[in-house]
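Reader: Please take a close look at the pockets of this structure, with their linings.

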Amino acid sequence: MNPSRSWELPDSAVTSHSDFLRRREFLVRVGMGLAGTALFPSFADAASLNSSYKLDGTALTKESDVTSYNNFYEWGLSKEEPATLANQGWKTRPWSVAIGGLCDKPATFAIDDLLAALGTVEQRNYRHRCVEAWSMVIPWDGYPLARLVDLAAPKPEAKYIQFTSFLDPEHCPGQRNGSFHWPYTEGLTIAEARHELAFLATGLYGKKLPNQNGAPIRLVVPWKYGFKGAKSIVKIDFVDKQPDTLWNTMAPSEYGFYANVNPEVDHPRWSQASERVIGGGFFSSKKPTLKFNGYEKEVAALYTGLDLKKNF
């Protein structure tokens, strides 16, 4: 463990002991029910929080807020709709993820086979900053994205990765809205995807990822605005040109490809200098926004020489 990393946090600062024991009980029950399946190792391993990540002096957002205040337009435009509409019979098993494009090992994985191939699950605490100027702190369970990149073995000419979310207008009322270019797409550079902070989440608070948070697998890039985190991913392609992304295609003057959190570059319609902390209370609900969402020391080198105001 490198103690200079700004995101490291000991177990005791992440959750109370009673909550930890309840989580262990939950994991045991899950393990007893699923022993012998590919799913079991993922949840069993989640019992061990990776203590290499911390956020000094920062409280986690309540689980009830994380799972009830969501931007997931496939399920509706309000923050409250996904928690209801994504849990009316919509299933994330079976589920497959196709990995292709400019890579030496293209393959389509059943989700649990992919998770097994990605190895040991980790729990990390990440700041989450929405482009709408609100924020949370979330304990995610999942895998470093770099493991998937290594698994696919991209060709030298691959410079970007495009992530594509599911398309299911039969079940998703939002996808029957012709105002959006479904399915949802997002992208990263290869260098961003290989960074140790880039993450594929399959759970939060030590539990299976809820449908409204992007089950069964989603992207988490904590130094970028939250819309970069494609949810319910079904396709990952290695490409040689900057890929189209939903928000950048629909409103390029408002949502850049890079979308790095930057208090020095306002959204055309509001300031990005501060953020409303979800669950922070009436008197402490606003705080200054940090460049790269507080991860400047770790990620600024990715953008050396890049004009961050032009490439917002």
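Author: What follows describes the two pockets in turn. This is a predicted model, in which local features need pLDDT of at least 70, side-chain atom pairs count only at pLDDT 80 or more, and totals for chains, interfaces and linings use all residues. Residues are numbered from 1 along each chain as its sequence is written, and side-chain values use heavy atoms, with hydrogens and water left out.

The largest pocket holds about 500 Å³ of space. A pocket here is an open set of points, on a 1 Å grid over the protein atoms alone, where a 1.4 Å probe fits, with protein on both sides within 12 Å along at least five of seven lines; lining residues have an atom within 4 Å of a point. Volume is the space filled by probe spheres set on the points, which are joined across faces, edges and corners. Of the 28 lining residues, Asn-71, Phe-72, Cys-130, Phe-227 and Lys-231 are the closest to the centre of the largest pocket. β4 (134-144) and α9 (246-250) each give at least two residues to this lining (DSSP runs numbered from the N terminus: helices are H or I, at least four residues, and strands E, at least two). The biggest contribution, four residues, is from β4.

The second largest pocket has a volume of about 270 Å³. Its lining has 24 residues, with Thr-58, Ala-59, Val-137, Val-277 and Lys-287 nearest the centre. β4 supplies at least two residues here too, as do β3, β11 (274-277) and β12 (286-288).
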